[in-house]
Each structure stands twice: as C-alpha cells, then as structure tokens.
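Let's take a walk through this one together. Have the viewer open and turn things around as we go.

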Amino acid sequence: MTESLPESTTPITEVVDQHVETASPGAVAKAPEQAKSRGKGRFASAQPVLEKLFELYPPLFGQRFVPLKLGIFQELMAAQPEVFLRDDLKLALGVHTRSTRYLQSVAAGLPRHDLDGKPVEPVAPEHVVLSCIELFRRRQARGADAAPAKLRQQLLGAYHHSGMSRLDFLSRLTTLDEPMTALMDEVMAEVDQQRARQAALLKAFEASGKSAEDFAAELGMDASLIRNAVSQRQAG
C-alpha cells in the first residue's frame with residue numbers, strides 16, 4: 001500500500017487532477033514537527049480509501065505503483081459514485097501521488113495508466129524532473145546519500161529526451177528554486193551543446209556523400225554513432 005510521508009517542501013506539479021491538492025511550499029520548514037504530524041494524520045484518514053482503491057484497482061494501487069492518467073479523479077468518481085466521497089477520494093489520491101514509491105514511478109518515466117491498468121500517455125518531462133528533484137530532497141532530509149551526480153544525470157536525460165527548447169522547457173518549471181534553476185541551466189546548456197555538435201556532425205556526414213562506415217573511419221569514430229544520430233533525427 002501507499003506509505004506514509006510528511007508534507008513535501010516542494011510543490012509537486014505531478015498531480016493526477018487539478019482538484020487533487022499539492023503540498024504547500026515551505027510548510028515543513030516553518031513547523032517540521034507539526035508538518036510531520038499532519039502528514040501522518042492525512043495518511044491515517046486516507047487509509048480506508050487507499051485500501052478500497054487497492055481492492056478495486058490492484059494494477060494501479062497494488063504492489064507496483066504506476067503513474068496515473070491525468071483526470072483519473074473524475075473517472076474514479078464517475079465509475080464508483082456509490083463507493084467514494086469526493087473529498088475522501090481527493091485526499092487519498094493526494095497522499096498516493098505524494099508517496100515516494102509513486103514519485104519513483106514518475107521519475108523513471110513510466111507511462112500514465114488508465115482505470116483498466118493500460119498505458120495511455122507518456123509522463124510529461126517536467127513531471128519527471130520535478131519528481132527526481134523531490135526524491136533527491138527527501139533523501140537529503142533523511143540524511144541519506146542524495147547522490148547529486150545521479151540527479152544531474154536524470155535531469156540530463158529528461159531534457160534530452162524531451163526534444164524541447166530551453167525556453168519551452170523552463171516555462172514548464174516555474175516552481176524551481178534558485179539552486180535547482182541554476183542546475184537545470186547547466187544541464188540544458190550541456191545538452192544544447194551536444195545537440196549542436198550532433199547537428200554539425202550530421203550536416204558534414206550528409207555533405208560527404210559517404211557511407212556511415214567510411215565517414216566514421218576518416219574521423220576515427222564508431223560508425224554506430226553516425227547511424228544512431230541519423231535514426232534519432234528521423235524519429236524526431
């Protein structure tokens with residue numbers, strides 16, 4: 001089942017529906033013990049609904065957590081109007097989507113699932129980023145090894161695979177604080193440089209009129225790098 005967690009100090013925009021509340025920024029910093037107690041109280045209140053969700057939809061709320069389809073709150077209310085009260089379900093989904101196990105599924109880039117347990121849409125790259133950052137901060141708060149290098153690699157991957165421009169990507173990350181904004185700037189600059197080098201390489205390859213093997217041999221590089229770059233551009 002969903003684990004009990006204190007309120008987050010970071011607003012998680014990875015929510016299943018606009019009606020599901022997100023954590024209040026700075027709540028824990030102002031009153032850590034009170035926030036921790038409130039988090040436990042919310043979990044206890046949500047537990048009966050979480051158990052019912054597990055009973056009715058084990059592929060979504062069972063041993064394996066998966067990202068939920070956006071708008072699933074309304075779908076649950078429509079599918080089970082005699083089972084769930086609106087506020088109780090909203091609380092339960094809020095607890096579930098703030099759990100560490102759920103955020104891990106989002107950070108891993110798993111697809112969103114509908115009530116039938118079928119993947120229906122990808123997780124937005126900014127939700128991957130925000131979940132990675134939140135998990136990093138939770139490890140820091142516990143005094144565990146937060147592995148900044150791992151976070152950097154996760155952010156690199158999220159931005160790279162998004163295919164978005166720097167401005168478009170940043171426009172979706174308006175809740176980042178200054179340190180994380182600075183880290184994202186570094187990450188995006190590195191990815192943009194990689195993209196520019198790859199574009200230049202492809203342009204030179206196409207102008208050469210040579211096979212990938214011959215072109216790569218002249219540059220002393222692996223021909224698979226050329227083929228992969230061509231494949232990525234075609235896929236994009």
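Read from one end of the sequence to the other, the protein chain runs α-α-α-α-α-α-β-β-α-α-α-α-α-α. In total that comes to 12 helices and two strands. Keep in mind that this is a predicted model. The protein chain has 236 residues, and 42% of them count as buried. Its accessible surface is about 12500 Å², with 53% of that belonging to carbon and sulfur atoms. As for how the chain meets itself, take the contacts between residues at least 6 apart in sequence: 66% of these join residues at least 24 apart.

Now zoom in on helix 8, which covers residues 148-162. Helix 8 has 15 residues and reaches 21 Å from its first C-alpha to its last, close to the 21 Å expected at 1.5 Å a residue. Which residues of helix 8 are buried? They are Leu 151, Leu 155, Leu 156, Ala 158 and Tyr 159. These buried residues cover an arc of only 165° around the axis, so they end up on the same side of helix 8. The spacing makes sense if you recall that an α-helix has 3.6 residues a turn, so residues three or four places apart point the same way. Flip to the face turned away from the buried side of helix 8 and you'll find the exposed residues Ala 149, Gln 153 and His 161.

What do the buried residues of helix 8 pack against? Their partners are helix 7 (125-141), helix 9 (166-171) and helix 10 (178-208). Leu 151, which lies in helix 8, makes a good close-up. Leu 151 has a relative accessible area of 1%, and because the cut-off for buried is under 20%, Leu 151 counts as buried. Leaving aside neighbours within four places in sequence, Leu 151 is in contact with Cys 132, Ile 133, Phe 136, Met 180 and Leu 183. Take Leu 183 from that list: Leu 151 and Leu 183 are 32 residues apart in sequence, yet 9.8 Å apart in space, C-alpha to C-alpha. Another buried residue of helix 8, Tyr 159, has the charged end of Arg 195 sitting over its ring, 4.5 Å from the centre. Just after helix 8, look for Gly 163, which takes a positive phi of about 70°.

Cys 132 turns up again if you move to Ala 107, found in helix 6 (residues 100-107). Ala 107 counts as buried at 16% relative accessibility. Beyond its neighbours within four places in sequence, Ala 107 is in contact with Val 128, Ser 131, Cys 132 and Leu 135. The C-alpha atoms of Ala 107 and Ile 133 are separated by 8.9 Å, with these positions 26 residues apart along the chain.

Helix 6 also holds residue 101 within its range of 100-107, and that brings up another charge-and-ring arrangement. The charged end of Arg 101 sits over the ring of Phe 65, 3.9 Å from its centre. As for rings meeting rings, a search of the whole structure finds two aromatic pairs.

Next come helix 5 and strand 1. Helix 5 (residues 86-97) has 12 residues and reaches 16 Å from first C-alpha to last, close to the 16 Å expected at 1.5 Å a residue. Its buried residues are Leu 89, Ala 92, Leu 93, Gly 94, Val 95, His 96 and Thr 97. In strand 1 (residues 112-113) you'll find His 113. Is His 113 buried or exposed? With a relative accessible area of 7%, His 113 is buried. Not counting residues up to four places away in sequence, His 113 touches Leu 60, Val 66, Pro 67, Leu 68, Lys 69, Ile 72, Lys 118, Pro 119 and Val 120.

Finish with Ile 226, whose place is in helix 12 (residues 223-235). Ile 226 counts as buried, at 0% relative accessibility. What does Ile 226 touch, not counting residues up to four places away in sequence? The list is Leu 201, Leu 202, Phe 205, Ala 212, Phe 215, Ala 216 and Met 221. Among these, Leu 201, Leu 202 and Phe 205 fall within the 178-208 range of helix 10. You can also check Ile 226 against Ser 211: the two are 15 residues apart in sequence and 9.6 Å apart in space, C-alpha to C-alpha.

Note on methods:
Residues numbered from 1 in each chain as written. Predicted model: local features only at pLDDT ≥ 70, side-chain atom pairs only at ≥ 80, totals over all residues. Heavy atoms only, no water. Phe/Tyr/Trp six-rings, centres within 6.5 Å; stacked < 30°, edge-to-face > 60°. Lys NZ or Arg CZ within 6 Å of the ring centre and 35° of its normal. Helix = DSSP H or I, 4+ residues; strand = E, 2+ residues; numbered from the N terminus. Expected span 1.5 Å × (residues − 1). Buried < 20%, exposed > 50% of the residue type's maximum accessible area, 1.4 Å probe, protein only. Arc of directions from axis to C-beta. Contact = heavy atoms within 4.5 Å. Areas by Shrake-Rupley, 256 points an atom, 1.4 Å probe, with all protein chains shown as cover.
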